[in-house]
Amino acid sequence: MDSSMVFLIVFGVVILAVVLIYNGIISRANAAQRAWANVITQERQKNKIIPHLQTVTEQYQQFESGVQEKITALRSALGGLSSDKMDTNQLAEVETATRNLVQGMHIAVESYPELKANEMFGKLMREIAEQQENIGAAIRIFNQNVEAFNNGIEIFPNSIVNSLLNKKSKLNTFNDTEAEAGFDYKPNF
Amino acid sequence: MDKPSSSANQQLALFLDSLSIQIAGAHKREDLRAILRKVSAFGRPLRYDNRAYWISLSAALLTAALALLSLYFYPNNVAAPWFAAAAVLTSLVFASLIYVRRNKINGLSDALYQRDVYLDNAWQSEPYHGKSLAAQLGQQFSEFRRGNHLREISWLVKGEYQGSEHHFEYHAYNFHYVDRRQVTTTDSKGRVRTRTVYDHHYRFGLYLPFEFVRDIAISSSWFGGFFSGSYKPASVEFNRKFKVKAQNELAAAKFLKPAVVVEIEDLGKELSELNLEFSSSGQLCISYAQNICSWQRQYGLDNPEQFLREIEGDQTLTRLHNTLKRIHTLMRFSDNNF
């Protein structure tokens with residue numbers, strides 16, 4: 001085998017590796033984008049239950065006054081979410097609004113025992129709890145995909161391919177700052 | 001064999017027979033306690049006096065050795081081979097008798113511990129025919145289409161699980177299948193030989209009614225399936241480990257909510273070679289490579305006090321319980337709250 005043939009084979013292998021790395025970065029970026037869209041889709045599921053929640057709360061005047069404001073805050077925060085832009089701060093705002101609403105509902109249940117007995121209210125609470133679990137899971141998947149993407153552009157030799165061709169920046173994972181505030185420990189990343 | 005020893009052994013044999021009947025009829029933990037109290041009250045360890053058998057075995061072995069020596073020094077001795085054969089046969093008989101006696105007590109300890117495991121896990125035995133049941137399950141699940149020579153259910157129990165929202169019955173099984181293949185070898189002289197090799201495999205799993213989802217297969221060890229459509233959820237980790245096949249991709253997308261995806265990811269970390277098949281008749285078969293329904297006792301009837309303490313403990317199979325809990329979570333996310 002002459003040296004030109006060896007050179008051609010090595011060049012071919014390098015080109016193939018670059019193409020594979022380039023495509024890998026693209027597919028991981030798309031996976032992170034899709035996972036983000038999934039989080040937004042799950043968040044928007046809340047819009048479906050808000051009308052039901054309003055119907056139930058209208059039956060209880062005292063309950064309604066406290067919770068209506070929180071429903072409005074949640075609706076407004078949901079309106080600010082976009083599946084095209086990975087805005088983790090806006091997502092944190094929605095999560096805070098949801099937490100406030102659920103807390104408000106729990107407090108109202110204590111002062112309104114008949115509300116607890118309301119079948120529709122029980123179903124709504126269960127639905128909200130499941131939606132929150134789904135959002136938590138969607139965020140976990142998003143963070144996993146972001147980690148895979150970040151690894152994909154930072155490890156060698158992908159970092160070279162990315163800096164020359166893909167030119168993608170590192171993505172931020174979603175951190176629940178309110179939940180983090182409860183911990184004394186802060187990781188030194 | 002001296003008289004007192006023979007009578008003690010007879011007494012023990014009768015006692016063990018009565019224990020065997022009582023263990024088979026035990027339906028409550030109190031029944032098991034009563035059996036162990038009876039063992040403690042027997043007054044002596046549950047052990048056969050095998051001295052006579054050991055002496056007979058030693059004598060037979062000595063005779064066999066002498067006969068073989070005689071054959072070695074006097075090859076023309078006609079009687080020696082007969083003596084040797086008879087002595088070897090006698091040795092085998094006494095060795096078997098000792099083994100059977102020892103095994104009987106171990107077998108009863110196993111049976112009693114198994115009753116306890118069944119009670120603690122609320123299991124019931126069900127009559128079944130291994131090959132027929134595997135064939136029947138193969139109509140619904142491709143899991144039972146493994147193996148080209150033999151497919152059989154080798155163990156089966158029926159149990160139930162009560163979760164916060166759903167109650168369900170399940171069957172836990174062990175599946176044994178055999179692959180037959182031809183192996184061709186060539187020796188140093190160039191002669192080609194073909195022989196048949198049988199590879200035995202075991203898989204384990206649960207099957208249960210799951211009304212909320214149909215016609216979806218999620219597999220980490222793919223081997224074929226009934227459905228042609230495929231679906232990939234958003235999780236890179238899930239897609240790296242599992243493949244999803246479905247009759248209707250929309251149904252798969254609807255079922256694989258984020259919470260379901262992470263639940264299956266976590267289940268896949270606990271159970272290797274995990275497959276989930278949702279049949280068209282509303283049944284779920286969840287199968288894996290390791291036996292999560294196995295148990296191991298520490299003590300036996302030869303140590304009744306310690307054995308009683310062990311029986312008093314909880315024999316709930318943790319990994320099985322966790323798997324059932326995860327199945328319940330899948331149900332919770334697949335049902336309709338309204």
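1. Start with Lys167(A), which sits in the loop between helix 7 and helix 8 (177–180) of chain A. This is a predicted model, so read each angle here as a computed value. Lys167(A) has a positive phi of about 55°, although it is not a glycine. Is Lys167(A) buried or exposed? It counts as exposed, because it has 9 C-beta neighbours inside 10 Å and the cut-off for exposed is 12 or fewer.

2. Stay in chain A and look at the loop between helix 6 (119–154) and helix 7 (158–166), where you'll find Pro157(A). The peptide bond leading into this proline from Phe156(A) is cis, with omega near 5°.

3. Now hop over to chain B for another positive phi. Glu273(B) is not a glycine either, yet its phi is about 50°. You can spot Glu273(B) in the loop between helix 8 (258–270) and strand 8 (275–278) of chain B. How exposed is Glu273(B)? With 13 other C-beta atoms within 10 Å, Glu273(B) is partly exposed.

4. Helix 2 of chain B is a nice one to practise on. It covers residues 29–41, 13 residues in total, and reaches 18 Å from its first C-alpha to its last, close to the 18 Å expected at 1.5 Å a residue. Which residues of this helix are buried? They are Leu32(B), Ile35(B), Leu36(B) and Val39(B). Look down the axis of helix 2 of chain B and these buried residues fall within an arc of 95°, so they line one face of the helix.

5. Turn to the face of helix 2 of chain B that points away from the buried side. There you meet the exposed residues Glu30(B), Arg37(B), Ser40(B) and Ala41(B). Just after this helix comes Gly43(B), with a positive phi of about 95°.

6. Finally, zoom out to chain B as a whole. Its secondary structure comes to 10 helices and 9 strands. The radius of gyration of chain B is 28 Å, well over the 20 Å that the globule rule gives for 338 residues, so the chain is more spread out than a compact globule. Its C-alpha atoms fill a box of roughly 85 × 70 × 30 Å along the principal axes.

7. Two percentages round off chain B. Of its 338 residues, 28% count as buried. And how far apart in sequence are the partners in its contacts? Among contacts between residues at least 6 apart in sequence, 66% join residues at least 24 apart.

Note on methods
Residues numbered from 1 in each chain as written. Chains lettered and ligands numbered in written order. Predicted model: local features only at pLDDT ≥ 70, side-chain atom pairs only at ≥ 80, totals over all residues. Helix = DSSP H or I, 4+ residues; strand = E, 2+ residues; numbered from the N terminus. Expected span 1.5 Å × (residues − 1). Buried ≥ 20, exposed ≤ 12 C-beta atoms within 10 Å, placed from the backbone. Arc of directions from axis to C-beta. Rg over C-alpha atoms; globule rule 2.2 N^0.38 Å. Contact = placed C-beta atoms within 7 Å.
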